[in-house]
Amino acid sequence: MHLINNNLAPPSLFLLLLIFCISGNVHARKPELKPTLNTSSVSININEVSGWNHLENNVDLQKLINVELTKYNISTTQVINKNNPLITISTVFVRKLANWHQQHINGVKFNLAEKQLSFSQFRGVNFALTINHSNSLQPSIEQAKYYYKDEIEKGLIKVQWLKELLINPPVLTLTLFGENHDNQNISTPMATFDYTLIPTDGQNIVNINAKSFSYFWQKHYKEQKVSQHGLADHNVSGMLLTLNTSTNKTLRSFMSNEYQHNFPKTINELFLELALSIEAPIINVSMN
């Protein structure tokens with residue numbers, strides 16, 4: 001089944017925009033990207049950008065996507081402005097709604113190892129963000145109910161689960177990670193922030209302070225929360241950008257342990273798809 005793009009009704013959109021602007025996470029006008037007091041800015045260059053795309057070798061998933069396959073690749077361009085590299089990263093981010101296995105179909109990775117940046121020096125992230133609505137797809141609750149009609153009738157999926165996944169806008173998750181983050185047998189320092197993706201038009205400037213991030217140690221996908229100071233002696237190896245539901249859950253997350261471990265292969269996948277362009281990402285670091 002192919003779902004059409006779903007836009008929020010004007011009253012709902014107005015309310016969401018009002019709440020979000022009050023929160024201070026986004027500015028309607030485009031200011032200059034400047035570091036805050038007592039910080040310096042570190043630009044990301046094109047050689048430090050990579051990513052992944054699980055769609056490339058999965059024919060079954062390719063049958064469910066919204067636009068042509070190449071648009072899910074990570075596209076990166078760079079220009080030099082006053083001796084500083086300014087990059088633009090574009091892709092259609094994809095997130096599974098049913099199965100948590102490889103739930104981030106694609107994503108962006110910044111390699112920050114050579115910058116020798118410690119978690120204690122980290123002061124925030126700035127970038128410009130644009131949403132391409134024509135290549136984006138966020139199923140409505142009603143569309144998802146129709147898509148999973150048979151599973152709902154059989155009791156495999158509950159409507160409340162779909163509501164929890166889809167009632168709020170999706171988020172762009174920024175994840176800082178330390179050394180050995182690919183090995184879950186080793187405790188790794190990490191930090192995350194979820195930026196709510198309100199369906200606005202035009203370009204928004206995103207300024208995220210380090211205090212807004214959640215800091216923790218991760219091992220075997222379990223988190224032990226700490227303060228930023230608690231990770232002070234560890235360096236940031238990189239940062240990931242991924243698309244998520246507002247709760248970071250999938251339908252599988254709500255199921256009993258038996259169904260979680262033996263996830264039914266008969267349940268079709270459903271995607272969140274959001275086409276984003278991220279321009280001039282900057283890492284703010286302490287000058288002290």
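Two strands count as paired if DSSP finds at least two bridges between them. With that in hand, let's work through three exercises on this predicted model.

**Exercise 1.** Work out in which sense β4 and β5 pair, and which residue of their hairpin takes a positive phi.

*Solution.* Start with the strands: β4 covers residues 75–81 and β5 covers residues 84–96. They are joined by 7 bridges and run in the antiparallel sense. For a landmark, find I80, which stands opposite P85 in β5. Now move to the turn, where 2 residues lie between the strands. Here K82 has a positive phi near 55 degrees.

**Exercise 2.** Find which residues of helix α5 are buried, and explain why they lie on the same side.

*Solution.* First, apply the cut-off: buried means under 20% relative accessible area. In α5 (residues 159–166), W161, L162, L165 and L166 are buried. Next, look around the axis: these residues cover an arc of only 115 degrees, so they sit on the same side of α5. Finally, check their partners: the buried residues pack against α3 (141–147), α4 (149–153), α6 (251–254) and β14 (271–286).

**Exercise 3.** Describe the largest pocket and its lining.

*Solution.* Begin with the volume, which is about 1300 Å³. Then turn to the lining: it has 33 residues, and Q103, H104, Q184, Q218 and Y221 lie nearest the centre of the pocket. Sorting the lining residues by character gives 6 nonpolar, 21 polar and 6 charged. Last, trace the strands: among those that each supply at least two lining residues are β3 (49–53), β8 (171–177) and β13 (238–244).

Conventions: Residues are numbered from 1 along each chain as its sequence is written. This is a predicted model: local features need pLDDT of at least 70, side-chain atom pairs count only at pLDDT 80 or more; totals for chains, interfaces and linings use all residues. Side-chain values use heavy atoms; hydrogens and water are left out. On a 1 Å grid over the protein atoms alone, a cavity is a set of points where a 1.4 Å probe fits but cannot get out, and a pocket is an open set with protein on both sides within 12 Å along at least five of seven lines; lining residues have an atom within 4 Å of a point. Grid points are joined across faces, edges and corners, and a volume is the space filled by probe spheres set on the points. Helices (H or I, at least four residues) and strands (E, at least two) are DSSP runs, numbered from the N terminus. Ala, Val, Leu, Ile, Met, Phe, Trp, Tyr, Cys and Pro count as nonpolar, Asp, Glu, Lys and Arg as charged, and the others, Gly among them, as polar. Buried means under 20% relative accessible area, exposed over 50%, partly exposed in between (1.4 Å probe, protein chains only). The arc is that of the directions from the helix axis to the C-beta atoms. Contact means heavy atoms within 4.5 Å.
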